[in-house]
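Work through the exercises below with the sequence and the model open side by side. Try each task before reading its solution.

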Amino acid sequence: MKTYLAKVGEIKPEYLLFDASEAPVGRLAVRIANALRGKDKPTYTPHIDTGACVIVINAAKAVFTGRKGTEKVYVDYTGYRSGYKTHKASEVRENDPVRFIKDAVWGMMPHGRLGRTQFSKLKVYAGAEHPHTAQKPVKVTVE
């Protein structure tokens with residue numbers, strides 16, 4: 001057996017569509033992060049971007065398990081002395097329903113050059129409409 005290493009020219013772009021309605025945020029984020037990195041494919045190569053472009057719709061309908069919907073806190077820090085602000089998950093859902101999906105996925109990605117490039121292929125939409133129908137995304141179900 002020889003080890004397969006993907007090359008940049010061999011990778012074909014693929015689009016995946018995740019429907020976040022009634023899906024737990026953590027389980028959804030794991031599936032999205034693995035798809036962005038390409039870890040769900042047998043051609044996964046750690047130092048090459050072999051992942052798919054991921055489209056997430058209905059982000060506003062994703063659910064938190066347990067008490068995270070009321071007790072989870074998101075922190076913003078500007079770097080200034082009075083720039084530390086906290087927001088509850090319910091406030092974040094009202095103001096920016098895309099943020100908690102992106103934050104959960106970003107926490108599962110590598111925080112380097114390659115991870116930032118892979119994360120930029122994530123498109124999240126609060127509603128059911130998205131402008132990527134021409135790419136013919138493949139629908140993926142999350143339990």
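**Exercise 1. Decide whether lysine 136 is buried or exposed, then look at its backbone.**

Solution. The model is a predicted one.
- Step 1: The relative accessible area of lysine 136 is 68%. The cut-off for exposed is over 50%. Lysine 136 is therefore exposed.
- Step 2: Locate the residue. Lysine 136 sits in the loop between β5 and β6.
- Step 3: Check phi. Lysine 136 has a positive phi of about 50°, although it is not a glycine.
- Step 4: Put that in context. Most residues other than glycine have a negative phi.

**Exercise 2. Run the check again on glutamate 22: buried or exposed?**

Solution.
- Step 1: Relative accessibility is 63%, so glutamate 22 counts as exposed.
- Step 2: Glutamate 22 lies in the loop between β1 and α1.
- Step 3: Its phi is near 60°, a positive value in a residue other than glycine.

**Exercise 3. Test the length of helix α1 against the expected span.**

Solution.
- Step 1: Helix α1 covers residues 25-37, which is 13 residues.
- Step 2: Apply 1.5 Å a residue, using one less than the number of residues. The expected span is 18 Å.
- Step 3: Compare with the model. The end C-alpha atoms of α1 are 18 Å apart, which agrees.
- Step 4: Look just past the helix. Glycine 38 takes a positive phi of about 90° there.

**Exercise 4. Which residues of α1 are buried, and what do they pack against?**

Solution.
- Step 1: List them. The buried residues of α1 are Val25, Leu28, Ala29, Ile32, Ala33, Ala35 and Leu36.
- Step 2: Place them around the axis. They cover an arc of only 165°, which puts them on the same side of α1.
- Step 3: Recall the helix geometry. An α-helix has 3.6 residues a turn, so residues three or four places apart point the same way.
- Step 4: Name the partners. The buried residues of α1 pack against strands β1 (15-19), β2 (53-57) and β5 (122-124), and against helices α4 (99-106) and α5 (113-119).

**Exercise 5. Follow arginine 37 to its contacts.**

Solution.
- Step 1: Arginine 37 belongs to helix α1.
- Step 2: Leave aside neighbours within four places in sequence. Arginine 37 is then in contact with Tyr44, Thr50, Gly51, Met109, Pro110 and Gln118.
- Step 3: Compare sequence with space for one further residue. Glycine 112 is 75 residues from arginine 37 in sequence, and the two lie 13 Å apart, C-alpha to C-alpha.

**Exercise 6. In what order do the strands of the four-stranded sheet stand?**

Solution.
- Step 1: The sheet is open, and its order is β5-β2-β1-β6, with parallel pairing.
- Step 2: Find the edges. β5 and β6 (138-140) each have a single partner strand, so one side of each is left without a neighbour in the sheet.
- Step 3: Check the twist. Neighbouring strands are turned by 25° against each other on average, direction ignored.
- Step 4: Inspect one pair. β1 and β2 pair in the parallel sense over five bridges. Phenylalanine 18 has valine 56 in β2 as its bridge partner.
- Step 5: Add the helix. α1 packs on the sheet and touches β1, β2, β5 and β6. Its direction makes about 175° with that of β1.

**Exercise 7. In which sense do β3 and β4 pair, parallel or antiparallel?**

Solution.
- Step 1: β3 (residues 73-77) and β4 (residues 84-88) pair in the antiparallel sense, over five bridges.
- Step 2: Match residues across the pair. Valine 73 stands opposite lysine 88. Valine 75 has threonine 86 as its bridge partner.
- Step 3: Turn to the connection. The hairpin has six residues between the strands, and glycine 79 takes a positive phi near 105°.
- Step 4: Look for aromatic pairs. The whole structure has three. Tyrosine 77 and tyrosine 84 form a tilted one, with 6.4 Å centre to centre and 55° between the planes.
- Step 5: Both of these tyrosines are exposed.

**Exercise 8. Summarise the overall fold in figures.**

Solution.
- Step 1: Count elements. There are five helices and six strands. From the N terminus they run β-α-β-α-β-β-α-α-α-β-β.
- Step 2: Take the dimensions. The C-alpha atoms fill a box of roughly 55 × 35 × 30 Å along the principal axes.
- Step 3: Take the burial. Buried residues make up 35% of the 143 residues.
- Step 4: Consider contacts between residues at least 6 apart in sequence. Of these, 67% join residues at least 24 apart.

Methods: Residues numbered from 1 in each chain as written. Predicted model: local features only at pLDDT ≥ 70, side-chain atom pairs only at ≥ 80, totals over all residues. Heavy atoms only, no water. Helix = DSSP H or I, 4+ residues; strand = E, 2+ residues; numbered from the N terminus. Buried < 20%, exposed > 50% of the residue type's maximum accessible area, 1.4 Å probe, protein only. Arc of directions from axis to C-beta. Contact = heavy atoms within 4.5 Å. Pairing = 2+ DSSP bridges. Axes fitted to C-alpha atoms, helices over the stretch in contact; angles between N-to-C directions. Phe/Tyr/Trp six-rings, centres within 6.5 Å; stacked < 30°, edge-to-face > 60°.
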